[in-house]
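Colleague: I have not looked at this one before. Can you walk me through it?

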Amino acid sequence: MTAYVLRRLLATIPVMVVVAVFVFFLLRLAPGDPVAIIAGEDATAEQLAAVRRKLGLDRPILEQFLLWVVGMLQGDFGTSIFSNLPVSRLIMQRLEPTVSLTLSTLVVAVCLAIPLGVLAARKAHSLVDRLVMGFAVMGFAMPVFLVGYVLIYLFSVKLGWLPVQGYRPLGDGLWPWAESLILPSFALGITYMALIARITRASMLEVLAQDFIRTADSKGLSTNRVLLLHALKNASVPIVTVIGIGIALLISGVVITETVFNIPGLGRLTVDAVLKRDYPIVQGLIIVFAAAKVLVNLIIDISYVFLDPRIRY
Amino acid sequence: MALAAATSEDVVPPAGSPLARAATAIRRNPTIFVGALLLLALIAMALAAPWITVDPFKQAPINRLRPPSERFWFGTDQFGRDVFSRTIYGSRVSLIVGLTVAGIAGLIGLAIGLVCGYFRRIDGVIMRVMDGIMAIPSILLAIALITLTRPGLGIVIAAIVIPEVPRIVRVVRSVVLSIRAQPYVESAIAGGTRTGKLLVRHILPNTLAPLIVQATYVCASAMLIEAGLSFLGAGVPPEIPSWGNIIAQGRTFFQIAPWTIFIPGAFLAATVLAVNMLGDGLRDRLDPRLARRM
């Protein structure tokens with residue numbers, strides 16, 4: 001088991017190396033010179049050279065890359081061009097809202113979608129099943145911003161139940177924090193819920209057709225017991241996989257959700273940095289988001305061992 | 001039809017007149033039919049834009065923020081521009097982006113996937129690169145690429161293609177891996193078929209069905225990413241009326257003029273829904289193996 005975890009951990013290194021190389025060189029080789037943008041349109045050649053030197057862009061590109069990677073390994077993600085603050089500090093400052101939003105969406109989506117999927121599988125081909133599947137198909141097509149604005153319009157503008165926009169840190173108290181996360185979590189979570197509900201139904205249907213379910217049923221166990229203890233547990237591997245895959249969706253969606261709801265998290269930081277061409281922040285954030293995604297995949301892979309004892313490494 | 005895998009349905013062709021046959025086909029697979037019909041309607045609308053709309057750029061301050069009415073079907077925005085006209089023109093951007101990205105990513109992905117699946121020596125390296133690209137959230141990669149260059153439709157398309165390619169490569173590669181072990185491929189190799197011909201004539205046709213299905217999903221995802229990019233201010237230039245841009249510009253007056261957001265948003269959702277339904281339907285029709293897994 002330890003050996004497996006170690007091996008899996010080592011396998012993430014090449015992926016992260018590719019991410020670093022890709023991000024660095026693609027942003028550098030993309031047509032468009034950040035120096036020209038920073039120095040302004042009518043900068044002289046000397047001014048351009050000075051900016052270039054200050055940013056370390058006059059050194060050979062390989063050296064720049066190595067300095068950047070070595071710095072990151074030591075926790076130094078570089079310095080923001082505009083605010084002159086360390087990128088790592090800027091990221092830490094914005095971490096709480098994004099982590100809160102991602103986790104609350106995860107909880108909301110999993111808690112609603114799995115019961116919906118189980119229900120749809122239990123009542124396969126009934127009206128309930130059709131409604132759940134209809135929701136799943138619709139959910140895949142819903143842009144985050146549309147759902148977000150519809151929710152704001154209904155629950156904040158018309159009904160006045162929830163705050164329109166903004167984020168309250170956990171330090172302000174549990175309820176204000178939770179209140180500010182309800183609408184964003186649903187907006188961000190709708191596609192995710194659709195994905196989980198769909199795979200839960202499919203996986204449950206497959207398990208429910210197996211012999212041991214018939215045995216459990218015929219020896220008189222209650223339906224709920226069979227459904228939850230026998231079937232759901234055996235259906236869990238694909239469900240957990242999709243929950244993990246969906247984290248990627250959440251990370252992309254976070255950027256848009258934070259803009260719709262005016263949440264000062266990593267997503268806003270990214271958009272602001274991108275619009276200002278503050279590329280050390282952009283590079284650092286892409287690495288952080290990619291690392292988060294790789295880490296989630298790692299956790300999912302390891303969780304299989306606990307969910308399905310037949311899987312041996 | 002030539003692409004369709006032989007299922008029990010194909011063995012007995014439906015009898016009767018062409019009309020009855022079509023009705024049977026629709027009943028068996030209503031998803032393709034509804035999706036295709038919806039998509040065709042949207043394409044027709046996008047093509048007919050100059051004849052059914054007024055000038056989408058014309059500002060008329062006297063008509064600012066009018067709610068939907070008989071004169072302005074979808075209302076007007078803060079500059080008095082007609083939201084109906086802008087929404088119809090916006091469909092052009094979404095359709096162009098969706099179809100072009102699906103086409104380009106499909107071709108690149110097909111080429112890389114064929115090579116990876118067949119030439120095992122370079123497979124490892126290329127697939128690690130694909131894993132790396134897939135680890136980067138696509139919208140982040142796209143906004144980073146776009147803002148470092150001059151904004152424009154071409155750049156938006158390129159920036160969406162890059163993160164979508166690995167999704168196609170994976171599908172094509174997995175098919176190639178399973179096909180190359182088939183006896184008929186081995187006998188073609190033994191018979192001295194050149195590698196190029198082998199790949200194109202014997203292996204490529206097998207990848208087409210899953211490729212087309214995957215390409216429809218890429219098309220849907222590209223439309224959502226494009227709208228998201230424009231919404232964030234990092235997509236097509238703001239003067240082009242794309243759905244994302246219309247929504248982004250409607251944000252300021254959202255509380256008094258929600259139609260500027262809801263209407264283009266609903267059109268986007270309907271378009272993506274149509275493409276997804278087409279994809280689901282094609283998957284059930286072309287790739288029964290995959291359909292059973294979902």
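Modeller: This is a predicted model. Start with chain B: of its contacts between residues at least 6 apart in sequence, 73% join residues at least 24 apart.

Colleague: How many helices and strands does chain B have?

Modeller: Chain B has 13 helices and zero strands. Along the sequence the pattern is therefore written as α-α-α-α-α-α-α-α-α-α-α-α-α.

Colleague: And what share of chain B is buried?

Modeller: Buried residues account for 46% of the 294 residues in chain B.

Colleague: Now the contact with chain A. How many residues of each chain are in it?

Modeller: On the chain B side 38 residues take part, and they touch 42 residues of chain A.

Colleague: Which elements of chain B give two or more residues to that side?

Modeller: They are helices H6 (120–135), H7 (138–147), H10 (195–232) and H12 (259–286) of chain B. H12(B) gives the most, with eight residues.

Colleague: What classes of residue are on that side of chain B?

Modeller: There are 26 nonpolar, nine polar and three charged residues on the side of chain B that touches chain A.

Colleague: Switching to chain A. At what angle do H5 and H12 of chain A pack?

Modeller: H5 (residues 87–122) and H12 (residues 266–275) of chain A pack at about 130°, and their axes are 7 Å apart. That angle makes H5(A) oblique to H12(A).

Colleague: Which residues meet there?

Modeller: From H5(A) come A:Leu90, A:Ile91, A:Arg94, A:Leu95 and A:Thr98, and they meet A:Leu266, A:Gly267 and A:Leu269 of H12(A). By class, the residues of this contact are five nonpolar, two polar and one charged.

Definitions and conventions. Residues numbered from 1 in each chain as written. Chains lettered and ligands numbered in written order. Predicted model: local features only at pLDDT ≥ 70, side-chain atom pairs only at ≥ 80, totals over all residues. Axes fitted to C-alpha atoms, helices over the stretch in contact; angles between N-to-C directions. Helix = DSSP H or I, 4+ residues; strand = E, 2+ residues; numbered from the N terminus. Parallel < 35°, antiparallel > 145°, perpendicular 65-115°, else oblique. Contact = placed C-beta atoms within 7 Å. Nonpolar A, V, L, I, M, F, W, Y, C, P; charged D, E, K, R; others polar. Buried ≥ 20, exposed ≤ 12 C-beta atoms within 10 Å, placed from the backbone.
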